[in-house]
Amino acid sequence: AGTRDGGEVPNLIRLTVGESPETLVAESVVELALQVDNASGELIGHALGRAMDAGALDAWVLPALTKKNRPAHVFHVLCEEARRARLEEILLSELPTLGLRRARVERRRLERRVETRETPFGSMEFKVRVLPDGEELASPEMDEVQRVAKEHGISAPQVLARLAGGA
């Protein structure tokens, strides 16, 4: 503490040093973005699938209104630098756009893994994520839910309800 008298408010700082489990993985990735205002839903879905098949970490499409007040779609693709050039080539070839933007972005993601668990439907794969406080939460992979629903002749929501302990 210093020598200044601040009255009833102390003029010092408390520092607590400790350790916490590091459950967040930090990494640098590339985000590609482009907009199209003249593509069909089929073409948009096809391009999104091609990006994922080519190794995109994530890909999504959002509705937009462009500078000429035209309805459009904005594509976003996250990828590792090593896959950037190939993904740019795919997007520019598959979509009616004049160009794209790219930016290096930092992302933090939870630690995760895939586990096979026994369920009333047999073995199923679950995605397990580790929260910052160390707690683990598991969710069934949607592909597995769809497979089980088809095999048992029930809906995906029914599968999820039974896995959660519902009727």
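Two strands count as paired if DSSP finds at least two bridges between them. That convention underlies the sheet stops of this tour, which goes through a predicted model.

**Whole chain**

Start with the protein chain in cartoon view. Its secondary structure comes to four helices and six strands, and along the sequence these follow the pattern β-α-β-β-α-β-β-β-α-α. Colour by accessibility next: 26% of the 167 residues count as buried. Of the contacts between residues at least 6 apart in sequence, 52% join residues at least 24 apart.

**The sheet**

Select the six strands together. They form an open sheet, ordered β2-β3-β1-β4-β5-β6, with antiparallel pairing. At its edges are β2 (58-65) and β6 (136-140), each of which pairs on one side only. From one strand to the next the twist averages 40°. As a rule, strands of a sheet pair through backbone hydrogen bonds, either parallel or antiparallel.

Now keep β1 and β4. These two strands pair in the antiparallel sense over 10 bridges. To find the register, pick E31, which stands opposite A103 in β4.

Move on to β4 and β5 (residues 122-130). Nine bridges join these antiparallel strands, and a hairpin of two residues connects β4 to β5. Two positions help to follow the pairing. E118 has S123 of β5 as its bridge partner, while E111 stands opposite V130 in β5.

Show side chains for R117 and F126. The charged end of R117 sits over the ring of F126, 5.6 Å from the ring centre. What does a search of the whole structure find by way of aromatic pairs? It finds zero.

**The loop between β2 and β3**

Select N69, which is placed in the loop between β2 and β3. Its phi is positive, about 60°, although N69 is not a glycine. Most residues other than glycine have a negative phi. Is N69 buried or exposed? Its relative accessibility is 60%, and exposed means over 50%, so N69 counts as exposed.

**Helix α1**

Display α1 (41-53) against the strands. The helix lies across β2 and β3 and runs at about 150° to β2.

Within α1, pick L48. Its relative accessibility is 23%, between the 20% and 50% limits, and therefore L48 counts as partly exposed. Beyond residues up to four places away in sequence, L48 touches A59, W60, V61 and F75. For a distance check, take the C-alpha atoms of L48 and D58: they are 9.6 Å apart in space and belong to residues 10 apart in sequence.

Then select M52, also placed in α1. M52 has a relative accessible area of 38% and is partly exposed. With residues up to four places away in sequence not counted, M52 touches L57, D58 and A59. A further C-alpha pair to label is M52 and C79, separated by 9.6 Å and 27 residues apart along the chain.

**Helix α2**

Go to α2, residues 81-94. How far apart are the end C-alpha atoms of this helix of 14 residues? They are 20 Å apart. The expected span is 1.5 Å times one less than the number of residues, so α2 should span 20 Å, and the model agrees.

Colour the buried residues of α2: R84, L87, E88, I90, L91 and E94. Then show what surrounds them. The cover includes β1 (24-36), α1 (41-53), β3 (71-79) and β4 (101-119).

End on E88, which lies in α2. Is E88 buried or exposed? Its relative accessible area is 12%, and buried means under 20%, so E88 is buried. Leaving aside neighbours within four places in sequence, E88 is in contact with L32, L100 and R102.

Methods: Residues numbered from 1 in each chain as written. Predicted model: local features only at pLDDT ≥ 70, side-chain atom pairs only at ≥ 80, totals over all residues. Heavy atoms only, no water. Buried < 20%, exposed > 50% of the residue type's maximum accessible area, 1.4 Å probe, protein only. Contact = heavy atoms within 4.5 Å. Phe/Tyr/Trp six-rings, centres within 6.5 Å; stacked < 30°, edge-to-face > 60°. Lys NZ or Arg CZ within 6 Å of the ring centre and 35° of its normal. Axes fitted to C-alpha atoms, helices over the stretch in contact; angles between N-to-C directions.
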